[in-house]
Each structure stands twice: as C-alpha cells, then as structure tokens.
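The following report describes how strands are arranged and paired in the structure shown here.

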Amino acid sequence: MQTAIERPSSYVRYEFKEFGGKIFAAEHELPKVSGNEILVKTDFCGVCHSDVHIHEGFYGLGDGKKLTLEDRGIRLPVTLGHEVIGTVADVADNGDQSMVGKQFLVYPWVGCGECHECTTDQENLCTKPASLGVFRPGGYAQYLVVPHRRHLVDVTGLDPARASMLACSGLTVYSAIKKVLPVADVDSVVVIGCGGLGQLAIRMLSAMGIKNIHAVDISADKREIAKESGAKHAYDPTEDGVSQKILSETNNRTYAVLDFVGNEQSVNLGLSVLKKGSKLVIVGLHGGELRYPIPVIITKAISVIGSYTGSLGELKELVKFAHGNNFTDIPLEIRNLDQADSAVNDLEQGKVKGRIILQNK
Ligand SMILES: [Zn+2]
Ligand SMILES: [Zn+2]
C-alpha cells in the first residue's frame with residue numbers, strides 16, 4: 001500500500017499564453033500517472049536565466065535575425081521551471097510505491113528515451129527533446145509529471161533549496177568545465193560574464209583546485225564578487241586593451257575561456273586571448289554571429305565548443321561533488337510560488353543579485 005499523501009483533484013500551474021505575456025495561475029486537473037511516470041509535488045524551483053529567454057520567445061542570431069522558440073517546437077501555454085526539488089506524490093500502479101513521500105532533484109533535460117543519445121546518457125542532446133519546463137510543464141506549478149524514475153536524483157544531505165540550482169545552472173557550468181579539464185597549473189581559465197553562472201563557475205573551478213582563474217565583467221560589483229569567489233584578476237571589457245592585459249597577466253597561457261555571455265563582443269574577446277591548443281566554450285545565449293578567420297582556428301589548433309545543459313550522468317557526478325564542496329553558496333532569495341511572474345520580470349531587468357528560488361509551501 002502506498003503512503004497516504006494528500007492528492008487533490010486539481011492543481012495550479014503558473015503559465016503564460018503568449019511569449020512575453022504575463023505569467024498567471026491556471027487551474028488544471030491533477031493527472032493520473034501511468035507507465036513509468038511519476039507525479040511530483042514541487043517543493044522548490046529555481047528561476048533561471050533561460051526562463052527569461054523562453055518567456056521572451058526567441059534567441060538573437062545577429063543582424064536582427066531571430067531563432068524563435070516556436071520554431072524550436074515550443075508550444076503555448078508554457079509552464080516554466082526546470083530546477084525542481086520535489087516530493088514524490090504518486091507513482092503508477094505497477095511502480096515502486098516506496099518512492100512516495102521521498103524528496104528528489106528532478107533531471108529536466110528529458111529526451112525521447114529511445115534514440116542512441118537517450119540510451120547512451122546524452123539525453124540532453126536528443127533530437128526530440130521533451131525537457132521539463134520547456135516542452136513539457138515544469139516546476140512553476142504545485143505538481144509536475146516526471147516521465148521516468150531515472151530522472152529523479154537523490155540529494156539527501158544537501159540543502160534542498162540550494163540543490164535545486166544543480167539541475168540547470170550547476171549542471172550547465174559543470175558540463176562546460178568538464179569540456180576543458182584537465183587544466184595544468186601553469187595555465188589559466190578565463191571566465192567571461194560573472195552573473196549567476198559565471199560566479200558558480202569561478203566557485204566550482206576553485207573547488208576543483210584550478211589555480212589561475214581570471215574573470216571578465218562590465219559591472220564593477222560583479223568583478224568584486226568574482227574576486228571574492230576565487231578569481232585572481234577581474235577585468236572590465238569596456239576598457240581599452242583588455243585582451244592585452246589578459247594576455248600579459250596570464251603569461252599568454254589561457255588554456256580555456258568559458259563564455260557565459262555569448263555575444264559577439266564576448267566571443268571575440270575570448271578568441272583573442274586563446275593560446276595554441278586551447279578551448280573556447282560558449283554557454284551564454286545573448287546571441288549574434290561569429291566571423292573568424294578559418295586558418296587561425298587550424299594553425300592555433302583551437303576548439304570552439306557550444307555547451308548546453310548536461311547529461312544525467314554529469315548531474316549525478318555533480319551531486320556527489322556538491323557533498324563537501326560549498327560552491328552553491330551564493331545569495332538566495334526564496335519567494336512564494338505565486339510570485340513567479342514578478343520573479344521572471346525581476347531577473348529579466350537585472351534586479352536579482354544571486355538566485356530566486358520559488359517555494360511551494
Ligand atoms: Zn532521444
Ligand atoms: Zn536553466
């Protein structure tokens with residue numbers, strides 16, 4: 001028999017019906033799960049910068065061109081929220097009833113479950129994505145349906161509100177860093193953009209023992225935070241000769257650039273400081289177009305890599321790493337779930353210092 005847990009007939013999702021429109025409460029019938037599905041009651045849900053992009057409905061491609069999320073197959077209405085800590089409320093009749101009442105972190109980067117990518121732990125690269133909070137209703141809701149128990153990760157021992165950010169921001173940073181490891185002690189890593197992800201990256205790199213971390217941000221406040229988080233130097237990209245300064249401070253040994261801005265200026269700055277055999281990992285989605293001389297890519301043997309979220313295996317590694325490594329210690333602002341609309345707006349307007357976490361009480 002499954003543990004008795006409150007199961008109302010309806011629940012609220014905070015959703016928007018048009019891109020850029022207001023996020024409001026909508027009542028839905030509570031779904032009956034079947035097969036491998038699991039019904040999860042949301043406890044915490046992080047408000048992520050990608051929620052701002054999804055809400056806006058497009059990515060800039062440069063020259064005023066846009067990649068709309070409708071073109072990517074996202075259908076309205078959308079219930080955002082892909083950084084979910086939740087408690088299992090129901091499993092299908094043939095499912096593992098002992099899971100009911102247990103709290104988990106939800107892996108949101110769900111694929112079709114059947115293709116080569118999905119069956120080789122690259123579900124985040126599935127060509128038929130069904131990501132929670134993007135293609136399927138996410139955690140800006142009292143409940144959500146998780147397609148399979150493999151998407152539930154045990155985070156016992158971690159602070160649940162902080163652990164929510166591992167599902168996207170933490171995983172995105174971890175996967176980007178993994179693409180450049182190992183980093184030799186003589187080499188440097190340059191982190192461009194020191195907002196939430198950049199700060200997390202600097203903390204994670206420090207926790208991994210990376211010696212020479214350099215930070216770039218247009219905001220003096222964020223440069224200060226970057227240094228407090230473990231960066232040796234922090235540069236203002238609007239100052240003249242910033243590439244030269246980075247080249248000289250790193251002794252021309254930048255082995256990796258992690259770009260959390262991802263616009264033309266940041267990518268070009270990153271490319272300008274790379275040494276031979278080095279890597280530029282682009283994570284930020286501010287958009288634009290890359291023009292770069294092809295022979296230089298070859299003669300300098302550089303890699304330009306895009307990094308988008310991460311795999312379930314990487315999330316499990318990250319959860320392990322989070323035990324005993326305090327890299328998620330950034331300012332948190334816990335708000336009630338019904339504040340979803342203002343939370344996304346505040347993030348959009350740059351009014352958030354650390355991370356907003358929505359709580360479903
Ligand atoms: Zn797939
Ligand atoms: Zn995210």
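## Basis of the description

Two strands are taken to pair if DSSP finds at least two bridges between them. The model is a predicted one, and the pairings below should be read in that light.

## Strand S3 and its partners

Strand S3, which spans residues 38-47, is mostly covered, with 9 of its 10 residues buried. With strand S17 (residues 355-359), S3 is joined by 4 bridges, and the two run antiparallel; within this pairing, cysteine 45 stands opposite leucine 358 of S17.

An antiparallel pairing over 7 bridges links S3 to strand S6 (residues 84-91), where isoleucine 38 has valine 91 of S6 as its bridge partner. Strand S8 (residues 143-146) is likewise antiparallel to S3 and is joined to S3 by 4 bridges, and here lysine 41 is matched with tyrosine 143 in S8.

## The parallel sheet

An open sheet is formed by 6 strands, which follow the order S12-S11-S10-S13-S14-S15 and pair in the parallel sense. At its edges lie strand S12 (233-235) and strand S15 (303-306), each of which pairs on one side only, and from one strand to the next the twist averages 20°.

Strand S14 (residues 274-282) runs parallel to S15 and is connected to S15 by 4 bridges, with isoleucine 305 in S15 serving as the bridge partner of valine 281. Helix H8 (residues 264-273) packs on this sheet, where H8 touches strands S10 (188-192), S11 (212-216) and S13 (254-259) as well as S14 and S15; the direction of H8 makes about 155° with that of S14.

Notes:
Residues numbered from 1 in each chain as written. Chains lettered and ligands numbered in written order. Predicted model: local features only at pLDDT ≥ 70, side-chain atom pairs only at ≥ 80, totals over all residues. Heavy atoms only, no water. Axes fitted to C-alpha atoms, helices over the stretch in contact; angles between N-to-C directions. Contact = heavy atoms within 4.5 Å. Buried < 20%, exposed > 50% of the residue type's maximum accessible area, 1.4 Å probe, protein only.
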